[in-house]
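This report covers the fold, the sheet, the core and a few local backbone features of one protein chain. The sequence and the structure come next.

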Amino acid sequence: MYRIGLGHDTHRLIDGDGITLGGIRIEHNKQLLGHSDADVVLHAITDALLGAAGLEDIGEMFPDTDIANRNRDSVEMLTAAWEKVKQNGWNIVNLDTIIFAQRPKIAPFKEAMKARIAAILGIEPEQVSIKGKTGENIGFIGREEAISAECVVLLSTGGFAAVI
């Protein structure tokens, strides 16, 4: 059996000293504003996994009204969500993520993000795709007011090797 999940997240950019995307710290003159560490990539992946498994969404699992989630590391959130998904009998076939950011350029960080995400989830980097898209200087992405990410994930009740 297979299930597809879609995740999305957006956070505002404010003046700051760097951002975390895909579990990787990136030097930048801005930072993402959020209740947690605001890693839009890991948040989108978390929601995609939970959605594909038919579980609650990230906001229900980690509500921003709970003080325990203030400045929470998104790696912790993804790890907890992935444990729930696995407990329900699912394995990741692959995940495909798009990061919408005018700056920083994503290409120099793609391989590090893939490796980090794969390590968090216990899968192979080849099962992770990361793409960066700019806003072409249009809209809130293009004006560098926010960064967004979207992820689609394919889950299977069988192992990865069984679907190759």
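## Secondary structure

The protein contains five helices and seven strands. The model is a predicted one. From the start of the sequence to its end, the elements follow the pattern β-β-β-β-α-α-α-β-α-β-α-β.

## Overall dimensions and surface

The radius of gyration of the protein is 15 Å, and a compact globule of 164 residues would have a value near 15 Å, so the two agree. Along the principal axes, the C-alpha atoms occupy a box of roughly 45 × 35 × 25 Å.

Of the 164 residues, 46% are buried. The exposed surface comes to about 7,900 Å², of which 51% is supplied by carbon and sulfur atoms. When contacts between residues at least 6 apart in sequence are considered, 72% of them join residues at least 24 apart.

## The sheet

Five strands form an open sheet in the order β4-β1-β7-β5-β6, and their pairing is mixed. The edges are β4 (30–33) and β6 (128–133), each of which pairs on one side only. From one strand to the next, the twist averages 25 degrees. Strands of a sheet pair through backbone hydrogen bonds, in either a parallel or an antiparallel sense.

Three of the pairings can be described strand by strand. β1 and β4 are antiparallel and share four bridges; Leu13 has Leu32 in β4 as its bridge partner. β1 and β7 are also antiparallel, with 11 bridges between them, and here Arg3 is partnered by Leu155 of β7. Strand β5 (residues 91–100) runs antiparallel to strand β7 (residues 146–156), and nine bridges join the two. Thr97 has its bridge partner in β7, namely Cys151.

## Helix α1 and the nonpolar core

Helix α1 (residues 40–52) lies across β1 (2–15), β5 and β7, and runs at about 155 degrees to β1. The largest nonpolar core has 45 residues, and the members that touch the most others are Leu21, Ile45, Leu49 and Leu121. The helix α1 gives the most to this core, with nine residues.

Leaving aside residues up to four places away in sequence, Ile45 touches Leu78, Leu95, Thr97, Ile117, Leu121 and Cys151. Two of these contacts, Thr97 and Cys151, are bridge partners of each other, with Cys151 in β7.

## Leu95 in strand β5

Leu95 is found in strand β5. Is Leu95 buried or exposed? Its relative accessible area is 1%, under the 20% limit, so Leu95 counts as buried. With residues up to four places away in sequence left out, Leu95 touches Ile45, Ile117, Leu121, Gln127, Val128, Ser129, Cys151, Val152 and Val153.

Among these contacts, Ile45, Ile117, Leu121 and Cys151 also appear in the following pairing: Ile45 touches Ile117, Leu121 and Cys151 as well as Leu95. As a distance between C-alpha atoms, Leu95 and Glu56 are 19 Å apart, with their positions 39 residues apart along the chain.

## Local backbone features

The peptide bond joining Arg103 and Pro104 is cis, with omega at about 0 degrees. Pro104 belongs to the loop between β5 and α4 (110–121).

Which loops hold the two residues described next? Asn71 is in the loop between α2 (58–61) and α3 (74–87), and Glu136 is in the loop between β6 and α5 (139–142). Asn71 is not a glycine, yet its phi is positive, at about 60 degrees. Glu136, also a residue other than glycine, has a positive phi near 50 degrees. In terms of surface, Asn71 has a relative accessible area of 56%, which is over the 50% limit and therefore counts as exposed. Glu136 is exposed too, with a relative accessible area of 58%.

Key:
Residues numbered from 1 in each chain as written. Predicted model: local features only at pLDDT ≥ 70, side-chain atom pairs only at ≥ 80, totals over all residues. Heavy atoms only, no water. Pairing = 2+ DSSP bridges. Axes fitted to C-alpha atoms, helices over the stretch in contact; angles between N-to-C directions. Contact = heavy atoms within 4.5 Å. Rg over C-alpha atoms; globule rule 2.2 N^0.38 Å. Buried < 20%, exposed > 50% of the residue type's maximum accessible area, 1.4 Å probe, protein only. Areas by Shrake-Rupley, 256 points an atom, 1.4 Å probe, with all protein chains shown as cover. Core = buried A, V, L, I, M, F, W, Y, C linked by side-chain atoms within 4.5 Å.
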